[in-house]
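Student: I would like to learn how to read a few features of a protein model, beginning with a pair of packed helices. Where should I start?

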Amino acid sequence: MIRSGGQLVPVRRPEGGSGPVRFRERFLQGEPVESGVRAPIMGSWLRCRSLGISPDGSDLPFRDDFDPGGRIVRAALPVLDRLQARFSGSQMNISLADANGIVLLRRFGDPSLIRSLPAIQVEPGFVFAERFAGTNGIGLALAERSLVRVFGAEHFAERAQGNACIAAPVRDPLSGRMEGVLCFGYQRSAEDPAFGDVIRRAVQAVERRLLRQSSAREHVLLRAYESAAGLGSALSVDEQTLDLRPDDRAILLEKAAELISHARQAAAGVSLSDGRRVTLVSRPVTSASGVQGLAVEMLLPGLAAGASLIVSRQQALLGGALGAPAATAGPGSAGCAAEGGPLVFSMDRATGAGQPAEGAPDLLVGGTAASTPRAGPAADTSTRAGADAGTDADVRAEIGADTRAVPAPATDAPTQAATSPFGPGTPAAPGTPDAPRRLVLFGEPQVGAYALAARRRLELLSEASARIGTTLDVRRTAEELAQTAVPRLADFVTVDLPDAVLRGEEADDPLSDLRRTVVHGVREGLPFTPVGKRIDFGPTTPQLRCLTNGRAELEPDLQVAAGWLAQDPEHTEQLLAHVHSLIAVPLVARGVVLGIASFYRAQGSAPFGDDDRSLAQELAARAALSIDNARRYTHERSMVLALQRRLLPHRLPDQDAVEIAHRYLPAESDVGGDWYDVIPLSGARIGLLVGDVVGHGMLSAATMGRLRTAARSFAELDFPPDEVLSHLDNLVGRLDRDDPDGEGSGIIGATCLYVIYDPTAQRCVMARAGHPPPALVRPDGSVSYPDLPAGPPLGLGGLPFDSVEVDLPEGSQMVLYTDGLIEDRHRDVDAVLEQLRDALADRPERSPEETCQAILDSVAPAHPCDDIALLVVRTHALAPDRIATWELPADPALVAEIRAAALAKLTEWGLDETAFAMELILSELVTNAIRHGTGPVRVRLLHHRTLICEVSDTSNTAPHLRRAASTDEGGRGLFLVAQLSRAWGTRHLPEGKVIWAECGLDGV
């Protein structure tokens, strides 16, 4: 079983045309191979096809310009010798290749294999990169940049069908750069699960020896520094003398590493936490064997001679962090350097020891840049001895040889400077014994650059934690990922997300609906696919491979990235004029594939490496988590918003009492529980409701739906506004007490405003429960806020609500709203109410729709943090000639007269077809009022959208519909009324009641 992409895949060997052989044959014939082949192998096959490699090809390029004594060869030579001894007598072929796929070393378990194998499997120098040799161990390890196995028919070339191999990359421990590949080749029948452990341990041994080479070179530099400074080999540690805090030491080490990475003589000022300011000076150091590096010394004002180390060896980040007394500046360096020489600090105690010249900038780089440290032949020999033997005795012997001074190239500098390990212009002999210099750090510039790059990567990750995910918006989070990565990691970043993710859902097939979401870079105008366009990645592209493998895919050189080039040759050719290196990273969080992030380096920038790939994957992982949080929030918000909208009125009722316009704006952060409603009432009246449930989210939306339904039910019972609010107050209290999570703590609450407008009297009755008052706009353009008692919010209980009557002439406007319109943490409520008044004043001719939009444009906050429900109505009046009213005493003899007068009025209105039904309804209602009511009886007919008959008396008893038995003499009157009318009911008045019934204008 072979683990691939987190899954165990059976290893199939060719038997009778089945397994990998059959899949390979089908692939070569152009047939689809959807399963049965491991993802890395299938990706390699596809790349080989796009490159036009022939499986029958037997020739490989041969290079004779490789370095047979390079550092990876020196590090791997004893390891391969031990491997050869381990596999002695077997058919094992052990190969070491460099990062370009050129084989550098060969070893064989059985030396007789050399005579039987072809030259390409024996001689160093042949190139086994995938673009030349097809699918093979070395080429696939370079492409996948991880341990790989290739079995028999999984090889692309025919010549390798009988072989199997396992290969793993070898990396430089300091830089993280892939230096080469170690590969085991063997007969496929000789497969052994232990090969994986063996090759891992071998790779680790080679990498340790690479690190030991760097350590040996640093020992050489240290001995050269000590010799020049006149010091012994013993170095003491005593941090207390300097009284440096840990954060101060970290800052000093960071700045010292930066100075070393500059590869030249330089100085930098550093401020400590206690107010002191020290100066770090870097000076070139060259050993006798030619190893070049830099030593960074600290100049501290008032530092006594012989002070102890700054930090210990174990705390050093690279090379060594030492605080032994450094080489002191003699008279030749205390003043100024020779013309054209490096920067020299004045050491005159009168002017402040250790301080740079007056007016010097914070970071000074002077002198000529030191050449990139590259050991000459003598250095190569010494460092090779230290690395190969690996013992302290050998290292000490080598270091002893390096303390000799060697002639330097002829320069214009004094002879004394020419023989100094510190370079021109710096004396070799120690100067005054009490010069305040202390060694902080030493090393080779490339090592300092590695340490500095590592620190920068950590800083970028730390910054990413603060910059990515500041909002719960999917697109904005993707933009933050790109803005964080440019320019510190990449020059250009593109992010592609499925449409489903942008909507807050999970994508069933992420590749089917990918859309370019972000394009960000150091400059604009590059031929990237524009934002908003659909993206289709081919099967060989790094983007598709990263989704398949679930890890970042690195293409250091896009010029030879066959899979990427084959996607769209014309488009990729245009991009190659601007970019040259790519990292494609899948955006995956909690098992959900969210999209792809692609990082590009521009021409002229260094290509991406493995450390960059790791950094990009870490950035993408953090961004993916934030994107998934935003997606989940978007999904939840969409559900809450959908619920909210479903619970709000779908369409407003048809009525003639008012002209209505309405708006609902959800908050940007979360959906709340605002609602509005328009309720037709008896007597041609209209009820207007606006409310707001405390809080946001699903609970508030669900509570809003329950309150709206209850409020509508109470309103349709013809309760006055104050009673409706009282019933709602009791309901909210019960909801809170019954909430299993609320524990009766009063977390459910709401505000509400209820207005009833009567077009027959042009009067409205209103009451509010902790809600903002409405704005009234008279026909003359004046604006007022009625003096309406605020009332307690719903849910407090035990407090009354008061109603207020307000006359509104026809053509007046009334604006009802929730607190999201006027309450804002950045605005004063009173100022916003005045702003609303100004928006409504002197424009009475505007329609409710125009008024609605004007309010949103001029009053609503640009980024509402709470929902806004807005209801604007213009009042109408029922014409007096459509109203007929009669009053009569409680005398049954007058029923006939009222009936006759009503029929005459119906004839006047042209409603003869309704006369029969209305005559029966009117007779029954008036008779009931006279028989069962008290006081005078009042009859009113309203010619509205329907014909309304109202009969009122001073009694508070309400009739009830019941089923009369066959032997009952009465009880059938209300049954007839219910059958002849569209609707009927009872409305209570402060004194008495009204029984009403509605008939259609076209009769029964």
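Tutor: Start with helices α22 (residues 829–840) and α23 (residues 848–858), whose axes come within 10 Å and cross at roughly 140 degrees. Keep in mind that this is a predicted model.

Student: Which quantities describe two packed helices?

Tutor: In general, the angle between the axes and the distance between the axes are used. Here an angle over 145 degrees would count as roughly antiparallel; α22 and α23 cross at roughly 140 degrees, and are therefore oblique to each other. The crossing of α22 past α23 is right-handed.

Student: Which residues make the contact between α22 and α23?

Tutor: From α22 come Gln835, Leu836, Ala839 and Leu840, and from α23 come Thr851, Ile855 and Ser858. By class, the contact of α22 with α23 has four nonpolar residues, three polar and no charged.

Student: Now sheets. How do the strands of a sheet pair?

Tutor: In general, strands pair through backbone hydrogen bonds, in either a parallel or an antiparallel sense. One open sheet in this model has five strands in the order β28-β29-β30-β32-β31, and the pairing is antiparallel.

Student: Which are the edge strands of that sheet?

Tutor: They are β28 (883–888) and β31 (983–989), each of which pairs on one side only. Ignoring direction, neighbouring strands of this sheet are turned by 15 degrees against each other on average. Inside the order, β30 (residues 947–953) and β32 (residues 992–999) run antiparallel and are joined by seven bridges. As an example, Asp953 has Lys993 in β32 as its bridge partner.

Student: What lies across β29, β30 and β32?

Tutor: Helix α25 (residues 915–932) does, running at about 10 degrees to β30.

Student: What is the strand order in the other open sheet, the one that holds β18?

Tutor: That sheet has five strands, ordered β18-β27-β26-β23-β24, with antiparallel pairing. Its edge strands are β18 (658–665) and β24 (783–784). Three bridges connect β23 (residues 775–777) with β26 (residues 813–817) in the antiparallel sense, and Leu776 is bridged to Met814 in β26.

Student: How many aromatic pairs are there?

Tutor: The count comes to seven, taking ring centres within 6.5 Å as the cut-off. One pair is Phe62 with Phe126, at 5.0 Å centre to centre with 65 degrees between the planes, which is edge-to-face.

Student: Which parts does the pair of Phe62 and Phe126 tie together?

Tutor: Phe62 lies in the loop between α2 (39–51) and α3 (71–86), and Phe126 in the loop between α4 (113–116) and α5 (130–133), so the pair ties together parts that are 64 residues apart in sequence.

Key: Residues are numbered from 1 along each chain as its sequence is written. This is a predicted model: local features need pLDDT of at least 70, side-chain atom pairs count only at pLDDT 80 or more; totals for chains, interfaces and linings use all residues. Side-chain values use heavy atoms; hydrogens and water are left out. Two strands pair if DSSP finds at least two bridges between them. Helices (H or I, at least four residues) and strands (E, at least two) are DSSP runs, numbered from the N terminus. Axes are lines fitted to C-alpha atoms, for helices over the stretch in contact, and angles run from 0 to 180 degrees between N-to-C directions. Angles under 35 degrees count as roughly parallel, over 145 as roughly antiparallel, 65 to 115 as roughly perpendicular and the rest as oblique. A crossing is left-handed if the near helix is turned anticlockwise from the far one by less than a right angle, and right-handed if clockwise. Contact means heavy atoms within 4.5 Å. Ala, Val, Leu, Ile, Met, Phe, Trp, Tyr, Cys and Pro count as nonpolar, Asp, Glu, Lys and Arg as charged, and the others, Gly among them, as polar. Rings of Phe, Tyr and Trp (its six-membered ring) pair if their centres lie within 6.5 Å; planes under 30 degrees apart count as stacked, over 60 as edge-to-face and the rest as tilted.
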